Amino acid sequence: MPEGLQSAATTLNAGVPISWYLILSAILFTLGVAGFLFRRNIITVFMCIELMLNAVNLSFVAFANMHKQVGGHIFTFFVMVVAAAEAAVGLAIILTVFKNRDTLNIDEINTLKN
Amino acid sequence: MDIFFFLLFATVAVLCGISVVLQRHPIASALSLVGVMGSIAVLYLMLGAEFIAMAQMIVYAGAIMVLFIFVIMLLNAGAETRRGRSWMAQLLGVPVLIAFFAIIGYALQGRFAGVEKVKFGNFTGGTAEAVGMALFTDYLLPFEVTSVLILVAIIGAIVLARKEL
């Protein structure tokens, strides 16, 4: 096998550094924060929260792989359960708000302001 | 092959994530979010978390996103109207977010130099058996508390969705 091909094959088989997973998690979390801050539709804001939860779950699982322990998976499992409960209650709140105010724009839902 | 698959699915996740933030219509955002969750499930599989990957597909991409799409269709939510934002948000928004990402990146850099690289198959402790064993021995109390949380969420959702509220 030629020298260059062999080194390319070694690079491909080397595996992924753990920090790449964490950087990916940071990118997804930042995107979630961006959507949470910039979007005006309350449902989209809610989806951006789910995106942030997913990003944190990814770093939990990456750390579980790094330490070779199952604890990170348990935490991810609990985050999923909390996200499911939060989605059920949050979407019920959105339905009620829409029924009463007839809007989904978070700028117009400001009863608690001042 | 690990690097190839990681880069492929990381790219899909980031592109779908950008799409979640930029799409004007909530349905398009929701479908992009399904893409993010699917590619994250593949990454879980590569990290050796089989049970979590399946739970991600079933609970997140299956149940939670269907709930979202039901609500979007029920409310007949249309495209978001473009509004004038405050000059501070327009001027400072993106730079502050980049600074936020840079702080996270700075905290991470150089800290994982000597750590073994992730290869598919070098960690097999994420099977349903291992997760279940940990869940029902070491983490039994949090697991039981979770069931109370879900009960509260069910009651809350029913109370909020009643007709006369």
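Is L43(B) buried or exposed? Let's work through that and a few related exercises. This is a predicted model, where local features need pLDDT of at least 70, side-chain atom pairs count only at pLDDT 80 or more, and totals for chains, interfaces and linings use all residues. Residues are numbered from 1 along each chain as its sequence is written, while chains are lettered from A and ligands numbered from 1 in the order in which they are written.

**Exercise 1. Work out the surroundings of L43(B).**

Step 1: find the residue. L43(B) sits in helix α2 (residues 26-46) of chain B; helices here are DSSP runs of H or I with at least four residues, numbered from the N terminus.

Step 2: count neighbours. L43(B) is buried, because 24 other C-beta atoms lie within 10 Å (buried takes 20 or more, exposed 12 or fewer, partly exposed falls in between, with C-beta atoms placed from the backbone).

Step 3: list its contacts. Leaving out residues up to four places away in sequence, L43(B) touches L58(A) and F9(B) (contact is C-beta atoms, placed from the backbone, within 7 Å). F9(B) is 34 residues from L43(B) in sequence, yet their C-alpha atoms are 7.2 Å apart.

**Exercise 2. Describe the side of chain B that touches chain A.**

Step 1: get the totals. On chain B, 69 residues are in contact with 60 residues of chain A.

Step 2: see who supplies them. α1 (2-22), α2, α3 (50-75), α4 (87-108), α5 (128-137) and α6 (140-160) of chain B each give at least two residues, and α3(B) gives the most, with 12 residues.

Step 3: sort by class. This side of chain B has 55 nonpolar, nine polar and five charged residues (Ala, Val, Leu, Ile, Met, Phe, Trp, Tyr, Cys and Pro are nonpolar, Asp, Glu, Lys and Arg charged, and the others, Gly among them, polar).

**Exercise 3. Characterise how α2(A) packs on α1(B).**

Step 1: take the geometry. Helix α2 (residues 18-38) of chain A packs against α1(B) at about 10°, with the axes 9 Å apart (axes are lines fitted to C-alpha atoms over the stretch in contact, and angles run from 0 to 180 degrees between N-to-C directions).

Step 2: name the arrangement. So α2(A) is roughly parallel to α1(B) (angles under 35 degrees).

Step 3: pick out the residues. Those making the contact include W20(A) and L31(A) from α2(A), plus F6(B) and V14(B) from α1(B). By class, the contact has 13 nonpolar, two polar and no charged residues.

Conventions. Contact = placed C-beta atoms within 7 Å. Parallel < 35°, antiparallel > 145°, perpendicular 65-115°, else oblique.
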